[in-house]
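Welcome! Below are a few short exercises on strands and how they pair, each with a worked solution. Have a look at the structure first, then work through them at your own pace.

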Protein chains: 2
Amino acid sequence: MVDAAVRPKTTRPHADNADANLQFDVARVTDLLMGTWADTRREARELIKDSAFWRDDELGKDEHRERVLSQLHLLVENKAVHRAFPKSLGGEENNGGNIAGFEELVVADPSLQIKSGVQWGLFGSAILQLGTTEHHEKWLPGVMDLSIPGAFAMTEIGHGSDVAAVGTTATYDASTQEFVINTPFRGATKEYLGNAALHGVAATVFAQLITNGVNHGVHCFYVPLRGEDGVDLPGIGREDDGLKGGLNGIDNGRLSFDHIRIPRTNLLNKYGDVAADGTYSSAIDSPGRRFFTMLGTLVQGRVSLDGAASWASALGLKIAITYATQRRQFDGADGQEVVLMDYGKHQRRLLPRLATTYAQIFAHDEFLQKFDGVFSGRTDTPDDREDLETLAAALKPLSTWHALDTLQEAREACGGAGFMFENRLVGLRADLDIYVTFEGDNNVLLQLVGKRLLTDYAQQFTGKDAAALAKFAVGMTAGKLFHGAGLRQFGQSVVDLGQVSRSVENGLREEQQHLLLAERVQQMVADIAGRLRPAGKDKVLGAKLFNENQAELIEAARAHAELLQWEAFTDAVHRVEEADTKKVLTWLRDLFGLQLIEKHLAWHLINGRLSTQRAAAVSRYIDRLCARLRPYALDLVDAFGYEPEHVRAPIASGAERERQDEAREYYAALAASGEAPVLEKTLKKNAKR
Amino acid sequence: MVDAAVRPKTTRPHADNADANLQFDVARVTDLLMGTWADTRREARELIKDSAFWRDDELGKDEHRERVLSQLHLLVENKAVHRAFPKSLGGEENNGGNIAGFEELVVADPSLQIKSGVQWGLFGSAILQLGTTEHHEKWLPGVMDLSIPGAFAMTEIGHGSDVAAVGTTATYDASTQEFVINTPFRGATKEYLGNAALHGVAATVFAQLITNGVNHGVHCFYVPLRGEDGVDLPGIGREDDGLKGGLNGIDNGRLSFDHIRIPRTNLLNKYGDVAADGTYSSAIDSPGRRFFTMLGTLVQGRVSLDGAASWASALGLKIAITYATQRRQFDGADGQEVVLMDYGKHQRRLLPRLATTYAQIFAHDEFLQKFDGVFSGRTDTPDDREDLETLAAALKPLSTWHALDTLQEAREACGGAGFMFENRLVGLRADLDIYVTFEGDNNVLLQLVGKRLLTDYAQQFTGKDAAALAKFAVGMTAGKLFHGAGLRQFGQSVVDLGQVSRSVENGLREEQQHLLLAERVQQMVADIAGRLRPAGKDKVLGAKLFNENQAELIEAARAHAELLQWEAFTDAVHRVEEADTKKVLTWLRDLFGLQLIEKHLAWHLINGRLSTQRAAAVSRYIDRLCARLRPYALDLVDAFGYEPEHVRAPIASGAERERQDEAREYYAALAASGEAPVLEKTLKKNAKR
Ligand SMILES: Cc1cc2nc3c(=O)[nH]c(=O)nc-3n(C[C@H](O)[C@H](O)[C@H](O)COP(=O)(O)OP(=O)(O)OC[C@H]3O[C@@H](n4cnc5c(N)ncnc54)[C@H](O)[C@@H]3O)c2cc1C
Ligand SMILES: Cc1cc2nc3c(=O)[nH]c(=O)nc-3n(C[C@H](O)[C@H](O)[C@H](O)COP(=O)(O)OP(=O)(O)OC[C@H]3O[C@@H](n4cnc5c(N)ncnc54)[C@H](O)[C@@H]3O)c2cc1C
């Protein structure tokens with residue numbers, strides 16, 4: 001294992017212009033990135049400096065699973081995982097801090113992060129959020145201290161994204177006051193559940209609640225899997241998912257139930273209850289709204305994936321950029337070998353991804369604040385909940401996809417060394433792969449966001465006639481349209497983006513970036529809404545038109561999320577006082593904004609938002625920003641605040657620099673000795689003279 | 001392990017329009033895809049139906065390595081790997097067929113493919129291509145029958161892409177007529193070599209040849225690593241690379257040489273020799289050209305990666321598309337659950353990648369023909385060699401990146417099931433990850449292509465004045481400019497693409513696609529050349545300007561490669577006689593062409609090649625093509641010709657369909673029994689009436 005004590009020695013490259021010699025305040029930026037729960041993050045990072053929490057790459061699946069289980073016990077001992085639980089049970093009722101702390105575990109081992117998430121974030125949360133005091137008192141202590149490891153059993157073989165359609169039934173038997181949990185066919189087997197293959201002794205099981213001949217939809221039940229003797233109860237079926245593409249420290253598996261009887265009171269009954277006689281009652285009348293309310297209480301999984309994925313990207317870039325400032329390949333014009341980070345292409349590969357990572361970390365902190373507001377009860381209206389869920393559905397897809405993209409690019413940017421497991425990049429990528437699927441498949445989530453945007457859009461029109469509508473669509477700014485989902489207004493100076501100003505770059509500054517990004521969301525949604533309109537009440541035509549526009553709706557949702565990230569980044573930059581640091585961060589924000597605009601350049605051109613001349617300037621401007629940011633690349637990744645015990649990749653340890661120094665010294669000594677062989681090429685050249 | 005005997009049962013969805021009921025001739029298309037060496041491919045596929053060749057996912061790294069070694073012996077027994085070797089030694093001197101056969105091994109286990117490649121394609125080829133008859137007779141029999149497993153030792157810790165700069169020295173000692181092979185510093189340690197950690201008993205080592213005080217550049221030497229006793233010879237250092245991101249069936253490792261003495265005649269001396277007295281001689285005068293000639297003989301690695309990556313993409317799509325035609329999620333307008341493949345977004349995710357895979361397989365066959373022509377000696381001029389190398393440097397990056405992208409999208413398209421190792425997608429992706437780096441890093445290769453394009457471009461101008469140049473640049477078609485690298489002319493009817501024809505689609509047919517793709521390459525190269533011109537003879541400025549344009553040059557090279565793929569696809573379509581099949585393949589080719597145009601839409605707009613109106617039509621047209629191709633999706637992946645023993649993924653076996661049938665039967669029986677619970681929602685609706 002790498003000697004974590006080696007600290008990299010790297011310096012900023014020489015440069016004689018003022019832009020390359022700004023005072024970039026690394027510590028200040030670290031604070032900014034760490035965000036609202038910086039203290040908790042630092043605490044968690046301190047804890048996982050202990051190698052007991054690190055992933056051990058030598059272990060096979062089975063040993064890895066046991067190691068991670070024991071690490072969970074260590075977390076309990078260190079009181080690292082109880083922040084969200086009720087004070088009455090020894091928790092802190094600190095929802096935001098709890099998630100922040102969890103997220104940091106990703107750099108120790110993603111399996112550890114996710115298995116903790118299953119235990120305390122899913123299984124525990126289901127009891128906490130869907131159960132009532134009796135349930136809390138009965139089971140939460142065991143959940144918290146890990147004497148009850150549990151599975152969260154929602155997904156089935158047949159239904160993952162469409163949870164409402166699960167096949168497991170919970171049929172109430174008034175004669176014994178029990179629910180009968182049953183798996184009626186193979187496809188209704190619960191599948192992919194963490195803790196299900198081995199460690200779970202109980203599960204929170206989602207099933208169709210049937211009483212008095214009526215199906216009240218999906219509810220959650222506490223189901224013991226094992227007796228005191230540690231043996232599975234009769235009727236419990238358990239299978240191991242075996243090897244996965246990553247996260248092999250978690251024992252995912254399948255669970256089936258053959259008419260398992262549980263007491264009536266094992267229904268987690270906060271949002272719906274069954275009386276002894278079988279009468280169903282709920283404070284929420286609509287079964288649809290009730291179902292979504294229950295699911296909504298479990299949003300924290302998405303919150304923490306968004307954060308963990310963003311920080312994993314940060315770690316990947318820390319490794320690749322540190323290496324890129326040391327590794328040399330090919331001679332430059334001066335006969336010296338060029339440091340990778342000085343290549344134009346290498347900058348283009350890594351720096352826009354760095355900018356995006358910053359944007360996501362800032363957006364995540366806002367998201368976490370919103371989450372904390374709702375779950376602390378401070379700002380907990382149905383609208384707040386809906387906004388939070390939309391935010392989760394918008395941000396989680398982008399950050400988890402970005403992590404895969406970034407870790408892969410980082411891997412490739414390190415060449416063969418990137419493929420060595422010890423250098424972390426391949427392992428992180430393999431583990432994070434599934435983040436784009438679980439806690440809601442990314443494409444399915446973005447579709448939800450798209451639908452919300454369409455609904456928001458439609459609501460503006462209630463009671464307006466066609467002429468008013470047309471005017472409205474022209475005059476409206478995105479901020480007014482989608483306030484619900486977090487948009488805000490910046491400068492608002494209306495500029496004619498079609499016109500070329502003296503410097504094309506002037507047309508690509510903060511305000512214009514905002515306008516371009518915001519108007520794109522608005523216009524895309526309006527366009528899609530227009531294309532869906534002919535359906536009217538015709539359900540079949542509606543479904544057909546929707547399907548034809550599905551890909552574009554998902555793209556609109558993505559545009560919306562990108563805008564939110566851009567806004568969060570911009571807010572963060574505005575909070576910085578120090579002029580030099582602010583300048584560098586503004587470049588980075590510009591890089592983020594411009595690469596988004598570059599990605600969608602055709603759209604801006606087709607829709608007349610950019611002249612071809614200004615559009616042509618976008619890519620050149622990005623190149624210039626990359627060159628300007630180059631001297632700060634290392635500072636910008638150092639600002640993530642990772643220490644050698646978090647990084648652990650030998651290629652980011654300074655070893656490459658040491659090897660190169662050794663090679664240079666060898667050649668220098670050889671030259672000095674007068675015994676260096678002369679190159680045939682040189683001989684030939686001299687002979688020609 | 002999956003029961004490979006289960007054959008999927010899937011049917012084409014109903015559709016009442018003629019376009020959905022074409023007679024698509026799967027067998028004919030399979031022949032087309034299998035290409036020139038179809039027989040060899042079929043032979044190889046037949047061989048690897050034997051489970052002895054399959055990857056066993058249960059094995060840890062160490063057992064996996066031993067299994068793959070034993071599989072190599074099996075290949076020898078089956079005479080599956082000697083096609084390229086001299087007839088005099090029992091080979092067939094069949095270069096194209098040899099590569100075709102190797103490539104197919106990827107679906108058995110990529111580790112098997114690559115380890116075979118190291119043994120017979122790299123280690124063996126170095127002896128064959130760089131050595132002379134004496135070397136062939138002495139070592140090739142042992143290489144062929146695997147009694148001499150060997151490493152190909154080119155890369156060093158310090159130098160991968162820049163092979164000319166390796167630090168290992170081979171210094172001639174005339175007094176003993178030996179070369180002294182030495183690793184002068186840590187960075188000069190040979191690194192990442194297959195067969196180096198364990199199995200290699202010899203190596204072909206690339207080192208700076210120094211004799212009489214002159215360094216003649218990198219040459220290749222045959223270096224024994226172990227004695228008869230199986231123990232490493234004194235001075236040989238060997239280290240294990242340990243766990244990697246994939247290909248863990250191969251024992252990659254490091255080799256170092258502490259003044260190892262080998263006979264003078266162990267220099268593989270085809271392109272450069274040292275006489276007993278130390279006099280160096282070579283038929284190639286320029287050391288630079290000599291070096292590139294030697295490297296050029298080893299191009300076959302790139303050829304086979306291009307093919308293997310394309311076929312791995314095919315397998316990924318076979319799995320994901322088969323599953324997508326069975327898997328259902330969410331109710332449709334008719335109350336039935338919708339098959340994934342019917343979702344607009346799902347089509348957009350998978351079908352363009354299918355089109356690209358077809359293009360790559362067709363382009364690969366042309367590439368393989370070119371390779372065979374050169375290596376058989378039939379068409380072996382320096383120009384042919386240069387074209388071949390450019391082709392390799394252009395195609396290998398695109399197909400290997402495409403494989404990663406496609407396998408990932410396939411994985412995500414299968415949801416959680418895609419992450420299960422048994423379903424193949426994650427394992428294939430992990431193994432193929434490094435294909436983008438070894439045998440030449442993709443970005444470095446594309447840069448070579450870009451330089452070649454610039455050179456070709458510049459050559460047109462020799463002796464022309466500025467006015468002639470300007471005229472030239474306007475009038476020239478890409479076909480004329482870059483004939484060397486394989487471009488050809490199609491229809492050549494000059495159309496005004498800026499003008500909107502009656503149907504916008506009319507402006508996006510074959511000829512226009514060709515023109516758009518070809519002119520883009522030409523214009524990008526011309527633009528970059530123009531931006532580099534100010535440098536003149538100023539080396540430092542030249543390097544600076546080059547670096548500023550590096551990313552775009554790589555993009556131009558990619559555009560060039562895309563054009564070649566498009567042309568190959570089009571040629572293949574033209575070879576099809578059957579009208580219906582041709583129609584479907586034309587749609588697929590259009591999909592390939594249009595998604596390329598869509599990807600670069602902003603470029604076409606900025607450069608005035610497309611009107612905004614026609615540009616706006618591109619995406620809609622793609623959607624329409626996807627919908628048209630939907631009924632043939634399964635046929636198109638069946639045409640890859642894979643049998644269950646090649647596919648082996650349970651999710652593509654028909655099991656999903658069986659589970660769904662079971663669930664439907666359950667619900668149907670329940671409904672028939674009259675005991676089905678009524679939905680609360682339905683009750684509420686009825687109550688309102
Ligand atoms: C390692 C791992 C751990 C997990 N842990 C748990 C756990 O602890 N508890 C638990 O309950 N679950 C768990 N899951 C399950 C996970 O949440 C599901 O896999 C996920 O929700 C996706 O469901 P699915 O696999 O059924 O995919 P599907 O829903 O079948 O989706 C497959 C594909 O179809 C696409 N698709 C689906 N619907 C549409 C549509 N309407 N339009 C367009 N495209 C569509 C999706 O984008 C996706 O690409 C885990 C999964 C894994 C792999
Ligand atoms: C599993 C495995 C098996 C292998 N097997 C063998 C083997 O059997 N024998 C053997 O000899 N070698 C082998 N290799 C080595 C392989 O060929 C090298 O890793 C590869 O050539 C890249 O070299 P590098 O790792 O030194 O990366 P580098 O050359 O250091 O490149 C690192 C990064 O810098 C970028 N870069 C480099 N130069 C430039 C430039 N001028 N401009 C812009 N960007 C640049 C690249 O794009 C890359 O992303 C193997 C490697 C692996 C991982």
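**Exercises on strand pairing**

As a warm-up, B:V205 has B:F221 as its bridge partner in β6(B). Please keep in mind that this is a predicted model.

**Exercise 1.** Find out how β5(B) and β6(B) run relative to each other, and how many bridges join them.

*Solution.* Start with the strand β5 of chain B, which covers residues 202-211. It is joined to β6(B) by 9 bridges, and the two run antiparallel. Next, look at the hairpin they form: 2 residues lie between the strands, and B:N212 takes a positive phi near 50°.

**Exercise 2.** Identify the strand of chain A that pairs with β6(B), and give the sense of the pairing.

*Solution.* Look at strand β14 of chain A, residues 678-679. Its pairing with β6(B) is parallel and spans 2 bridges. Then pick out one partner: A:V678 is bridged to B:V214.

**Exercise 3.** Explain why strand β6 of chain B counts as largely enclosed.

*Solution.* Recall that a residue is buried when its relative accessible area is under 20%. Now go through residues 214-224: 10 of the 11 are buried, so the rest of the structure largely encloses this strand.

**Exercise 4.** Work out the strand order of the open sheet of 3 strands in chain B, and name its edges.

*Solution.* The order is β4-β8-β7, with antiparallel pairing. The edges are β4 (190-193) and β7 (236-240), each pairing on one side only. On average, neighbouring strands here are turned by 20° against each other, ignoring direction. Finally, β7(B) and β8 (residues 253-257) share 5 bridges, and B:R238 stands opposite B:L255 in β8(B).

Definitions and conventions
Residues numbered from 1 in each chain as written. Chains lettered and ligands numbered in written order. Predicted model: local features only at pLDDT ≥ 70, side-chain atom pairs only at ≥ 80, totals over all residues. Heavy atoms only, no water. Buried < 20%, exposed > 50% of the residue type's maximum accessible area, 1.4 Å probe, protein only. Helix = DSSP H or I, 4+ residues; strand = E, 2+ residues; numbered from the N terminus. Pairing = 2+ DSSP bridges. Axes fitted to C-alpha atoms, helices over the stretch in contact; angles between N-to-C directions.
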